[in-house]
Every structure is written in C-alpha cells, then in structure tokens.
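Work through the exercises below with the sequence and the 3D view side by side. Each task is followed by a solution in steps.

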Amino acid sequence: RRFPPLFDTPVIPILIVFGCVTLLLHMPFTSILQCENFLYSLQLLMEIAALIKLRYAQPDLPRPFRIPLGNKALAVVMVMPAGL
C-alpha cells in the first residue's frame with residue numbers, strides 16, 4: 001500500500017509539500033510572498049475559466065448558487081481580475 005495503515009496518511013503529497021517548504025526556507029520573505037501571490041492568481045484564473053466554461057458548456061446544470069448575470073456580462077466582470 002502507498003498509505004501507512006494506521007492513519008491512511010498520503011505520504012507522497014506530504015513529502016512533496018515538505019520539499020517545497022524546504023526550498024522556500026532559503027528564499028527571502030518578499031520572494032515567498034511573490035510566489036504565493038503568483039500561485040493564488042493562477043488559482044483564481046483557473047476558477048474564472050471553469051466558471052465561464054461551465055456557463056457555456058452546461059447552462060442547465062443544477063447549481064447550489066447561480067451568479068445573477070448573463071454569460072457575456074459575467075465574462076466581462078470576471079476578466080477584470082485577470083488584468084490586475
């Protein structure tokens with residue numbers, strides 16, 4: 001098994017995070033903040049892209065919440081954070 005039987009802990013992802021944190025320890029704090037902001041921006045852009053794609057690909061899919069804008073207005077509003 002890839003997981004220890006006691007806690008079902010995912011060892012490989014923990015080791016990957018450990019390696020990333022070890023690399024970050026050797027960087028200045030401002031560089032760590034820049035990396036964090038860049039990765040957060042990528043995450044936000046992927047969420048926006050998924051939202052717009054789902055709106056066009058599966059418009060009748062049941063959702064717990066729907067943003068009350070049309071597809072084009074939503075695309076315009078959501079593209080603004082990408083420019084920042």
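**Exercise 1. Place L6 and classify its exposure.**

Step 1: L6 sits in the segment before α1.
Step 2: The relative accessibility of L6 is 67%. The cut-off for exposed is over 50%, so L6 counts as exposed.
Step 3: Now take a distance across the chain. L6 and N71 are 65 residues apart along the chain, and their C-alpha atoms are separated by 49 Å.

**Exercise 2. Decide how far to trust each helix.**

Step 1: This is a predicted model, so begin with confidence.
Step 2: The average pLDDT of the protein is 82, and 92% of the residues score at least 70.
Step 3: Confidence is highest in helix α1 (residues 11–24), with a mean of 89. The lowest confidence is in α3, where the mean is 75.
Step 4: Where pLDDT is low, predicted coordinates should not be read in detail.

**Exercise 3. Find the largest nonpolar core and say which elements build it.**

Step 1: Five residues make up the largest nonpolar core: I48, I52, L74, A75 and M78.
Step 2: Two elements give two or more residues to this core, α2 (29–57) and α3 (71–83).
Step 3: α3 contributes the most to this core, with three residues.
Step 4: Look at M78 more closely. Setting aside neighbours within four places in sequence, M78 contacts I48, L51, I52 and I67.

**Exercise 4. Locate the nonpolar surface patch and classify F38 and L42.**

Step 1: The patch on the surface consists of F38, L39, L42 and L45. Together these residues have about 380 Å² of accessible area.
Step 2: F38 lies in helix α2. F38 has 51% relative accessibility and exposed means over 50%, so F38 counts as exposed.
Step 3: L42 is also placed in helix α2. L42 has 38% relative accessibility, so L42 counts as partly exposed.
Step 4: Check L42 against A82. They are 40 residues apart in sequence and 9.2 Å apart in space, C-alpha to C-alpha.

**Exercise 5. Is L24 exposed or partly exposed, and where does it lie?**

Step 1: L24 is in helix α1.
Step 2: Its relative accessibility is 31%. Buried means under 20% and exposed means over 50%, so L24 counts as partly exposed.
Step 3: L24 and C35 are 11 residues apart in sequence. In space they are 9.5 Å apart, C-alpha to C-alpha.

**Exercise 6. Classify F29 and give its spacing to S41.**

Step 1: F29 belongs to helix α2.
Step 2: The relative accessible area of F29 is 58%, so F29 is exposed.
Step 3: F29 and S41 are 12 residues apart in sequence. Their separation in space is 18 Å, C-alpha to C-alpha.

Terms used
Residues numbered from 1 in each chain as written. Predicted model: local features only at pLDDT ≥ 70, side-chain atom pairs only at ≥ 80, totals over all residues. Heavy atoms only, no water. Core = buried A, V, L, I, M, F, W, Y, C linked by side-chain atoms within 4.5 Å. Buried < 20%, exposed > 50% of the residue type's maximum accessible area, 1.4 Å probe, protein only. Helix = DSSP H or I, 4+ residues; strand = E, 2+ residues; numbered from the N terminus. Contact = heavy atoms within 4.5 Å. pLDDT = per-residue confidence, 0-100. Patch = residues over 30% accessible without salt bridge, like charges linked within 9 Å, V, L, I, M, F, W, Y side chains within 5 Å. Areas by Shrake-Rupley, 256 points an atom, 1.4 Å probe, with all protein chains shown as cover. Salt bridge = Lys/Arg side-chain N within 4 Å of Asp/Glu carboxyl O.
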